[in-house]
Amino acid sequence: MTHLLILGGTTEASALAAACAQRGIAATLSYAGRTARPANQPVPVRIGGFGGVAGLSRYLEQAKVTHLVDATHPFAARMSANAVAAAKDIGVPLVSLTRPEWNEEPGDRWIRVADIAGAVAALNGPARRVMLAVGRMHVDAFATRPQHHYLLRFVDAPETPPALPRHLLVVDRGPFTLAGDRALMEAHGIDLVVAKNAGGSGAVAKIEAARALHLPVLMIDRPVLADRAEFHDVGAVIEWIGHRAERGV
């Protein structure tokens, strides 16, 4: 019997869970537990880490998982690496469901950096009004650049305030719109956007708004991940599951 484990936390993971439910494919959706109010799902949900490669391998065996899909955020490099190692360890077929990354378009003013450390280093200059869209986990790294005023946007209000001395926090959940993000940037006088190259449509509004306002974007490139089969489409994953199930894998 097919049992799919979806490593989630993204809109792509939710879409795959919905597709599995519609087709009667047994699936479990796993969240890391960083969001306090995850959206309701039509399949069973587990929340929390696995305990590294060994813990994930143990779960795959105990839950009799037959197919593993890594639909985590493109910057969840450790979880993706653990998924590759555990799938190989147990012999469970693995694919990733990812969003195509964003590419520079006419009118964009991107300054590309390799990682969070590169973004922090690039902010070693005069005070600016920065929309910092890097995720809650990485915000405190920018405390070494306290001269800037930062606009933050989180899905949930944090239990402890960010370590940035000058910041404004907006609690809101996407997807966001070009008009909304443009109005947000104009209202707060933003003159620089710092963002990860997350790709997809759910978070692209801030990139489109920066383009419309002729603002520079400090764009953080995706991490290099372990080699694995990769799809950008839920239908392709469903087809992959069907083919492997038909062959008795």
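Where is Pro 175 found? I located Pro 175 in the loop between β9 (167-171) and α5 (178-187); helices (H or I, at least four residues) and strands (E, at least two) are DSSP runs numbered from the N terminus.

I noted that the model is predicted, with local features needing pLDDT of at least 70 and side-chain atom pairs counting only at pLDDT 80 or more, while totals for chains, interfaces and linings use all residues. Residues are numbered from 1 along each chain as its sequence is written, and side-chain values use heavy atoms, with hydrogens and water left out.

I looked up the accessibility of Pro 175 and recorded it as exposed because its relative value is 69% (exposed is over 50%, buried under 20%, partly exposed in between; 1.4 Å probe, protein chains only). Its C-alpha atom is separated by 19 Å from that of Asp 233, 58 residues apart along the chain.

I then turned to the largest nonpolar core (buried Ala, Val, Leu, Ile, Met, Phe, Trp, Tyr and Cys joined through side-chain atoms within 4.5 Å). This core has 20 residues, and Leu 4, Ile 6, Leu 16 and Val 69 have the most contacts inside it. At least two residues each come from β1 (4-7), α1 (11-23), β2 (27-31), β5 (94-97) and α7 (234-246). The most come from α1, which gives five.

I checked helix α6 (residues 205-212) last and found Ala 205, Lys 206, Ile 207, Ala 209 and Ala 210 buried. The buried residues of α6 pack against β6 (110-113), β7 (129-133), α5, β10 (192-196) and β11 (217-220), with contact meaning heavy atoms within 4.5 Å. After α6 comes His 214, with a positive phi near 60°.
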